[in-house]
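Student: Could you take me through a close look at how the helices pack against each other here, and then carry on to the ligand shell and the paired strands?

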Amino acid sequence: MIATESLSKRFPRVTALDRLSLDIGPGVTGLVGANGAGKSTMIKILLGLSPATEGSARVLGLDVRTHGPEIRERVGYMPEHDCLPPDVSATEFVVHMARMSGLPATAARERTADTLRHVGLYEERYRPMGGYSTGMKQRVKLAQALVHDPKLVLLDEPTNGLDPVGRDEMLGLIRRVWTDFGISVLVTSHLLGELERTCDHVVVIDGGKLLRSSSTSDFTRTTTTLAVEVTDSDSHPDGTGALRAALAAAGVTIHAGVEDGLPGAGHILLLEAAGEETYDLVRDTVAGLGLGLVRMEQRRHHIAEVFKAKDQEEVPAR
Ligand SMILES: Nc1ncnc2c1ncn2[C@@H]1O[C@H](COP(=O)(O)OP(=O)(O)OP(=O)(O)O)[C@@H](O)[C@H]1O
């Protein structure tokens, strides 16, 4: 879908993109980076709106330097900032955008109605957009990016300014752009965590440089850490302590887990699972001690933890 080769963009005082090489396939891809990392610059280059200083980029196989108009015909774009005229309705605006991208009048009206319904705008679509909430405006911006049935959409910070519920709804809509319509998505965010559920692939950039590009499942791979919680009993008033001692004696590695220090963390035992037999051993040991097993589950890493761990590694030893 998108391929860049040593792509750089230098402004007089800042290097916004620094020799970035990427290969992004179909599906939902997140482009993550702090404010100023170079995300918007990247999108403008991919749309053929801003020339790169060095390197090359292709979108849907088309060279951004020479095929900007063709790319913009086939790709939808949701800009970061508010760009909606306040005096027109969502319907009027999206029909206009559909006509601009070449759809005949009837098709433009039909596609507009379908797309606005898809993003969850119903009666309000006939009212002037000046009175819309941020969430409604973001939905109109998404609709105008989808109305001409592109192969790919580039969404610049679509959850900006939304409250947690609005954010979740927007992320759900974005996911469905791919699952329901087969339109690939490149979505930017400065929040790593929110892309975890939405994206198949995550690209992280920092100061214009590529930090990491991998599938979300690699980021959040299932670890072999088991979290075990047990009840206390009359003979073992500290059930967790008794289980810890018994499992350690049986040769199980017990972790000082990420949850240490959190309220209630003392009651959760994190241990290394060597395979199926560890589950059996835990179950039998809990039963042998006469404790109740509250839960036993495999732990997954969250993307943010991967970076937290990395930051910790980078703290110089004293
Ligand atoms: N036209 C420009 N002239 C000079 N510097 C620019 C220009 N556009 C962007 N920059 C700089 O390039 C860097 C990357 O900006 P960019 O807007 O791509 O970041 P971003 O990751 O999209 O962040 P944000 O989410 O805050 O927009 C920043 O340091 C920015 O100040």
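Tutor: What follows goes through two helix contacts, then the ligand shell, and then a set of paired strands. The model is a predicted one, and everything below should be read with that in mind.

Let us begin with helix α3, which spans residues 90-100, and helix α5, which spans residues 134-146; their axes come within 9 Å and cross at roughly 25°. Since angles under 35 degrees count as roughly parallel, α3 and α5 are therefore roughly parallel to each other. The crossing in which α3 passes α5 is right-handed. On the α3 side the contact is made by Ala90, Phe93, Val94 and Met97, and on the α5 side by Val140, Ala143 and Gln144. Sorted by class, the contact of α3 with α5 comprises six nonpolar residues and one polar residue, with no charged residues.

The second contact involves helix α9, residues 239-249, and helix α10, residues 276-289, whose axes come within 10 Å and cross at roughly 125°. That angle makes α9 oblique to α10, and the crossing of this pair is right-handed. Here Ala242, Leu243, Ala246 and Leu247 of α9 meet Val282, Thr285, Val286 and Leu289 of α10. In the contact of α9 with α10, seven residues are nonpolar and one is polar, while none is charged.

Turning to the ligand, the residues that surround it are Phe11, Val14, Ala16, Gly33, Asn35, Gly36, Ala37, Gly38, Lys39, Ser40, Thr41 and Glu157. Helix α1, residues 39-46, contributes the largest share of this shell, namely three residues. By class, the shell around the ligand divides into four nonpolar, six polar and two charged residues.

The strands can be followed outward from β4, residues 54-59, which runs antiparallel to β1, residues 2-10, and is joined to β1 by five bridges. Within that pairing, Ile2 stands opposite Val59 of β4. Strand β4 also runs antiparallel to β5, residues 62-63, and two bridges join these strands. Val59 appears again in this second pairing, where its bridge partner in β5 is Leu62. Between β4 and β5 there are two residues, the two strands forming a hairpin, and Leu60 in the turn has a positive phi of about 50°.

Definitions and conventions. Residues numbered from 1 in each chain as written. Predicted model: local features only at pLDDT ≥ 70, side-chain atom pairs only at ≥ 80, totals over all residues. Axes fitted to C-alpha atoms, helices over the stretch in contact; angles between N-to-C directions. Helix = DSSP H or I, 4+ residues; strand = E, 2+ residues; numbered from the N terminus. Parallel < 35°, antiparallel > 145°, perpendicular 65-115°, else oblique. Left-handed = near helix turned anticlockwise from the far one by under 90°. Contact = placed C-beta atoms within 7 Å. Nonpolar A, V, L, I, M, F, W, Y, C, P; charged D, E, K, R; others polar. Near = placed C-beta within 6 Å. Pairing = 2+ DSSP bridges.
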